[in-house]
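Welcome! Open your viewer, get your selection tool ready, and follow along stop by stop.

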Amino acid sequence: MAEVLRREVVYLITAIVTVIMFIEFFFVGTWNVAEELRTWATIIANISLGLGAVRLLSEHAKNIQKRRAGVWPFSIWLWIIFLITILSGLAGYVTTHDAMKNPLYNWLFRWPYTSLGQTLYAITGFYIFSAAYRAFRARNIDAALLLIAGCFVILTNAPIGGVIWGGIPVIGRWFLDYGQAPAMRCFLIVAAFGMLAYGFRALLGRERGFYGEVAGE
Amino acid sequence: MPYPTAPADVFGLWVAWLLMLMIYSYPLYKENPVFRFAEHTYIGVMLAIMLVRTSITTTINMVAPPLMKGRLDYIIPIVLGFMMYFLLSARYRWISRYPIAVLVGAGFGLGMRGVLIPNILNQVISTITPPATGAGAVDWWNYIYIAIGTICAVMYFVLTWEHRGAMGYATRLGRWIIMIGLGAYFGNTVLFRMAMLSGRAQFFLQVLKIAPM
Amino acid sequence: MSEEELTFWEKLARIDRRVFYWILFIGLMIPFIHPIVFPIAISPSTRDLYEGIKEMVEPGDVVVMNIAFGVDAWPECMPAFAACTKLLIKEGAKIIFWGAYYDVDMTYQEVLRRCEDYFKNLKYGEDYVYLGYYPYQEAAVAQLAASIRSIFKTDNYGTPLDEIPMMKNVDKATDIKLVLSGDTGDVCDYYIRQWRIPYGTPVAEIGIAMLGSSYMPYYRSGVLFGMSVGVRGGAELEKLIGEPAEATIRMGAINISHILVVIAVILANIGYFASRRK
């Protein structure tokens with residue numbers, strides 16, 4: 001019985017929800033069951049988003065507990081700044097229904113968080129520059145085509161391309177509007193067929209990786 | 001935006017500037033404790049903001065009003081949501097499969113029905129629709145390029161037959177077409193990355209009042 | 001091989017990566033000190049976005065501005081998003097803001113700040129409303145199309161939607177004139193699949209540059225009525241609405257950085273062929 005609860009019932013729920021969502025397409029806006037299920041899925045997703053945070057915070061708690069060399073002082077700082085931020089945010093939400101109205105939370109959000117987020121996201125700009133120098137070689141026809149299209153698009157996206165030579169934006173625009181279209185269209189079509197195949201396999205209980213099943217379980 | 005004048009904002013601006021330099025000390029110099037301090041600051045603040053906004057306040061906003069109106073069925077998704085946390089337990093992780101089943105079912109059902117028209121039907125129609133009457137040679141060339149290019153590129157992903165003979169020529173052409181597409185994608189990637197980095201360069205100067213805010 | 005035996009190209013290939021990083025970072029600063037301005041041509045997808053909004057939106061129409069980019073993508077997405085917000089206000093649209101990123105609150109504040117002159121004449125609840133965050137899930141987007149009230153019981157500040165004047169008769173995708181989605185990921189896919197196809201709601205994309213490639217087939221097949229591509233799209237929109245701002249200034253840095261990348265690729269390939277011949 002326990003095995004059935006762990007596997008077959010789960011596969012059955014997946015199949016039922018998948019079929020309901022799929023069939024609802026033909027009765028859009030008229031089927032309350034499907035709408036209710038989607039609202040449920042949204043709430044479940046929302047609650048489960050905290051899972052990653054809990055996991056990460058517990059790892060840092062372990063770092064502190066075990067005094068991991070070179071790491072634990074940073075883990076303490078992480079916990080301190082986490083607690084300050086979450087408590088100030090909750091204070092704002094409880095008192096005004098808007099966490100952003102707490103000045104400390106707003107300050108932490110607006111300055112440290114925004115700056116660090118933009119900085120970390122932008123760091124790849126350095127890497128793509130060194131990659132352009134170290135990795136992009138016209139070793140064969142495939143790589144040469146990639147480089148030619150890439151260079152024209154790079155110079156088209158920058159207004160200076162047209163100043164260097166008037167033909168650059170014309171050719172680059174062709175790559176952007178037509179040149180890349182077949183490849184991108186192919187990716188869309190192939191990904192759609194992949195999704196359909198993967199979905200049907202999940203529907204039949206043949207695809208189980210996303211359940212987090214561990215070998216031997 | 002004018003340069004901030006409120007003391008908290010001026011202080012915040014400089015903190016933001018220093019934290020940026022701490023992060024860039026890694027690529028521009030090397031891995032160091034200052035970088036790790038800034039990195040951990042980001043993770044701590046980010047986790048808190050994420051929890052406040054997602055799991056706590058948005059969940060309360062979504063479930064509290066119907067529960068207070070007596071809609072007890074809303075207890076089910078709440079319980080299912082918390083069942084997801086059994087992923088953290090090696091012994092009871094199978095319990096988390098139930099909320100995963102609902103999420104995956106909803107995702108696949110919506111995704112499968114969703115891709116049929118925009119990803120397949122519309123793309124096929126757009127590929128085979130010839131230019132309007134009176135179109136020039138360039139339009140016809142683009143039409144033929146996209147039509148043949150799409151077919152050959154899709155054939156490259158057909159792995160049921162060996163890529164030899166006529167199929168080999170078509171898939172080779174398909175690979176070149178894909179390379180052109182990836183080249184354009186790379187060009188756009190450069191635009192994105194450089195736009196992000198230029199934002200930081202601008203901020204560096206703005207705080208020092210070298211560039212206007 | 002000793003350092004003296006290396007050719008010029010081999011020495012160049014061995015330069016520390018940090019030298020490149022410094023060159024790039026300093027190079028990016030130059031246009032902000034001495035602006036480098038060149039004319040910007042308008043791409044067809046941006047023009048269609050601009051003209052689509054102008055043609056479709058009548059005063060009083062309700063439009064959704066979907067914030068699906070985080071604060072980290074402001075330099076790329078915000079200029080176009082702010083320009084579209086200004087254009088919608090000029091056209092007399094009533095705007096619903098909501099978002100799929102957990103830091104959507106700060107992005108919304110930033111939109112208000114950047115369009116301050118436009119919002120000062122508008123009244124919250126009558127001309128625009130902020131509903132807050134919804135999970136980054138296709139189910140949530142599909143449910144928003146079926147019933148906004150099932151996801152958002154209140155606005156972000158706790159006011160029930162029925163008490164907000166502009167939301168009184170608005171609950172479904174069919175009540176929305178069009179959706180503009182600012183993206184770094186694939187949320188626009190969800191709007192295409194769950195709003196555009198079943199309900200016919202026009203959708204346009206204001207995305208990062210890579211999405212300009214990914215969404216090109218949707219644009220070419222008419223599924224998206226327009227598309228703004230990265231900061232370049234932002235600069236084009238600023239030009240179209242006649243208000244040059246952040247993106248226009250930043251195109252100078254884009255000029256420098258793009259030239260540097262192309263020079264790096266060319267030098268690397270000359271070095272590659274030179275060393276191969278040797």
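Start by selecting domain 1 of chain A and domain 2 of chain A: their C-alpha centres are 34 Å apart. Domain 1 covers residues 1-48, domain 2 covers 52-122, and domain 3 of chain A covers 126-188. These bounds come from an automatic or database domain assignment. Before you go on, please note that this is a predicted model, in which local features need pLDDT of at least 70, side-chain atom pairs count only at pLDDT 80 or more, and totals for chains, interfaces and linings use all residues. Residues are numbered from 1 along each chain as its sequence is written, while chains are lettered from A and ligands numbered from 1 in the order in which they are written.

**Stop 1: a serine in chain A**

Now click on A:Ser115, which sits in helix 6 (residues 103-122) of chain A. Helices here are DSSP runs of H or I with at least four residues, strands are runs of E with at least two, and both are numbered from the N terminus. Is A:Ser115 buried or exposed? A:Ser115 counts as buried because 26 other C-beta atoms lie within 10 Å. The cut-offs are 20 or more other C-beta atoms within 10 Å for buried, 12 or fewer for exposed, and anything in between for partly exposed, with C-beta atoms placed from the backbone.

Show what surrounds this serine. Apart from neighbours within four places in sequence, A:Ser115 is in contact with B:Ala16, B:Leu19 and B:Met20. Contact means that the C-beta atoms of two residues, placed from the backbone, lie within 7 Å. For a long view, add A:Thr14: 101 residues separate it from A:Ser115 along the chain, and their C-alpha atoms are 41 Å apart.

**Stop 2: chain B and its meeting with chain A**

Colour chain B by its domains: domain 1 (1-70), domain 2 (72-129) and domain 3 (135-213). The C-alpha centres of domain 2 of chain B and domain 3 of chain B are separated by 30 Å.

Next, display chains A and B together. How many residues of chain B are in contact with chain A? There are 98, and they meet 93 residues of chain A. On the chain B side, at least two residues each come from helix 1 (7-28), helix 2 (33-68), helix 3 (75-83), helix 4 (97-128), helix 5 (137-156) and helix 6 (165-207). That side has 65 nonpolar, 26 polar and seven charged residues. Nonpolar here means Ala, Val, Leu, Ile, Met, Phe, Trp, Tyr, Cys and Pro; charged means Asp, Glu, Lys and Arg; the others, Gly among them, are polar.

While you are here, pick B:Leu116 in helix 4 of chain B. This leucine is partly exposed, because 17 other C-beta atoms lie within 10 Å. Try a distance to B:Ala211: the two are 95 residues apart in sequence and 50 Å apart, C-alpha to C-alpha.

**Stop 3: chain C and its sheet**

Move to chain C, where you will find 13 helices and six strands. Its C-alpha atoms fill a box of roughly 80 × 40 × 35 Å along the principal axes. Chain C has 278 residues, and 57% of them count as buried.

Show the strands as arrows. All six make an open, parallel sheet in the order 3-2-1-4-5-6. At the edges are strand 3 (128-133) and strand 6 (224-229) of chain C, each pairing on one side only. Two strands pair if DSSP finds at least two bridges between them.

Zoom in on strand 5 (residues 203-207) and strand 6 of chain C, which run parallel and share four bridges. C:Val203 is bridged to C:Leu224, and C:Ile206 to C:Ser228. Why is strand 6 of chain C largely enclosed by the rest of the structure? Because six of its six residues are buried.

**Stop 4: chain C against chain B, and the core**

Select the place where chains C and B meet: 47 residues of chain C are in contact with 41 residues of chain B. Helix 2 (residues 17-33) of chain C gives the most to the chain C side, with eight residues.

Finish with C:Cys84. Beyond its neighbours within four places in sequence, this cysteine is in contact with C:Ile53, C:Leu180, C:Ile206 and C:Leu237.
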